[in-house]
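Hello,

Here is the structure I promised to pass on to you. Have a look at it first, and my notes follow below.

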Amino acid sequence: MPYEVTIGLEVHVQLKTRTKMFCGCKSEYGAPPNTHTCPVCLGLPGALPSPNLFALETISLTGLMVNCRIAETCKFDRKHYFYPDMPKNFQITQYDRPICVGGHVDLVRECYPKDVQKEITGPKQVRLTRIHMEEDVAKSFHFDKTSGIDFNRAGTPLMEIVTEADITTPEEAFAFLSTLRQILLYGDVSDADMEKGQMRCDCNISLRPKGETKYGTKIEIKNMNSISGVRRALAYEIKRQTALYDEGKTLQQETRRWDDASGQTHLMRTKEMAHDYRYFPEPDLMPVRTADFLERSRARLPELPHQKKVRYVAEYNVSEYNASVLVADRDLAAYFEEAARGSKNANGVA
């Protein structure tokens with residue numbers, strides 16, 4: 001086709017912690033609505049936040065697993081917006097001094113959709129811009145005539161993993177999310193269950209004529225909650241934008257939502273710019289020195305799937321395909337190792 005596609009992803013991941021990011025309330029999925037709340041996570045006047053250092057340690061562990069540089073100090077900022085699921089009318093996040101900078105994820109062929117795996121001929125690396133800390137918002141429920149809000153989720157530790165615009169196809173986006181999810185599960189930093197909202201994705205996509213160096217108009221697809229849905233939404237958006245450009249029309253920067261039932265994206269709003277959020281440093285929280293917990297993060301580093309695959313081929317003499325299938329599931333890999341230690345035919349066990 002006459003256009004080049006550029007895609008960047010913003011992946012939000014709930015961390016696996018016992019308590020919330022800035023208070024002692026329990027962080028638990030599925031509890032009765034509004035039972036894990038306090039003045040801090042309800043945003044009541046006079047309540048002061050206190051940072052969960054284990055959550056920051058876990059984010060730095062994630063950064064180490066995906067080749068980031070861990071900043072010596074990071075700070076917190078306020079991001080202002082007004083919505084029923086944000087009781088304070090601002091979100092504590094990180095703006096200009098995030099905890100993790102740079103990094104990359106190498107896409108694994110077995111993490112591509114099965115129907116295109118045979119077409120993958122070489123390695124693909126997706127660079128990361130940053131990983132920063134945020135707090136999650138409350139959860140809205142919409143009924144026939146009313147809406148309700150459950151504040152149990154408000155304040156849950158959340159990290160945002162932001163990629164560079166290195167992704168060029170919906171299949172690469174699928175592979176990135178699948179590879180990243182494997183890494184998160186191996187590090188035990190999150191359960192990354194997209195059906196439970198523990199891993200969510202915003203997709204930024206633009207098209208430009210082939211040979212053009214300037215990026216096209218960015219369209220954001222918000223709050224994707226399945227990896228296959230991301231692939232379908234991006235494929236639809238490529239067709240939609242191509243048709244508009246072919247008709248000689250121009251696009252404006254906007255945010256859209258994906259309707260899986262109809263297989264279409266729909267306009268939500270025209271896109272805000274960063275200055276619309278009125279970021280400023282969080283006055284109630286001091287900057288944090290990562291040296292205070294970085295060694296603990298390094299001690300938690302696991303053997304990652306691609307490392308385990310290489311070892312299985314060398315140590316157990318299993319085929320590359322069998323090794324790939326085994327390491328795709330952390331529990332299955334552990335089961336295989338235990339069984340293979342007592343066997344003279346590890347490949348047969350595989």
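Before anything else, a small puzzle: is Lys308 buried or exposed? Please keep in mind that this is a predicted model. Lys308 counts as buried, because its relative accessibility is 11% and the cut-off for buried is under 20%. Its salt-bridge partner is Glu303, with 3.0 Å from N to O. Glu303 itself counts as partly exposed, at 28% relative accessibility. The two also belong to a network of salt bridges that takes in Arg311, Glu315 and Glu337 as well.

Some background on such pairs: side chains of opposite charge can pair when their charged atoms come close. Searching the whole structure turns up 32 salt bridges, and two more of them caught my eye.

One is formed by Lys16 and Asp191, whose closest N and O atoms are 3.2 Å apart. This pair links distant parts of the chain, 175 residues apart. Lys16 sits in the loop between strand S1 and helix H1, while Asp191 sits in the loop between helix H2 and strand S12. Both ends are partly exposed: Lys16 has a relative accessible area of 37%, and Asp191 has 39%.

The other joins Lys88 to Glu135, with 2.8 Å between the closest N and O atoms. Lys88 lies in the loop between strands S4 and S5 and Glu135 in strand S8, so this salt bridge ties together parts that are 47 residues apart in sequence. Glu135 counts as buried, at 5% relative accessibility.

Next, the second largest pocket. Its volume is about 1,200 Å³. There are 46 lining residues, and the closest to the centre are Val108, Arg109, Glu110, Cys111 and Gln182. Which elements give two or more residues to the lining? They are H1, strand S7, H2 and helices H5, H6 and H7. H2 provides the largest share, with seven residues. By type, the lining divides into 24 nonpolar, ten polar and twelve charged residues.

Finally, a hairpin to find on screen. Strand S9 (residues 139–142) pairs with strand S10 (residues 147–150) in the antiparallel sense, over four bridges. Four residues make the connection from S9 to S10. If you want a spot to start from, Phe141 has Gly148 in S10 as its bridge partner.

Enjoy looking around, and do write back with any questions.

Best wishes

Methods:
Residues are numbered from 1 along each chain as its sequence is written. This is a predicted model: local features need pLDDT of at least 70, side-chain atom pairs count only at pLDDT 80 or more; totals for chains, interfaces and linings use all residues. Side-chain values use heavy atoms; hydrogens and water are left out. Two strands pair if DSSP finds at least two bridges between them. A salt bridge is a side-chain nitrogen of Lys or Arg within 4 Å of a carboxyl oxygen of Asp or Glu. Buried means under 20% relative accessible area, exposed over 50%, partly exposed in between (1.4 Å probe, protein chains only). On a 1 Å grid over the protein atoms alone, a cavity is a set of points where a 1.4 Å probe fits but cannot get out, and a pocket is an open set with protein on both sides within 12 Å along at least five of seven lines; lining residues have an atom within 4 Å of a point. Grid points are joined across faces, edges and corners, and a volume is the space filled by probe spheres set on the points. Ala, Val, Leu, Ile, Met, Phe, Trp, Tyr, Cys and Pro count as nonpolar, Asp, Glu, Lys and Arg as charged, and the others, Gly among them, as polar.
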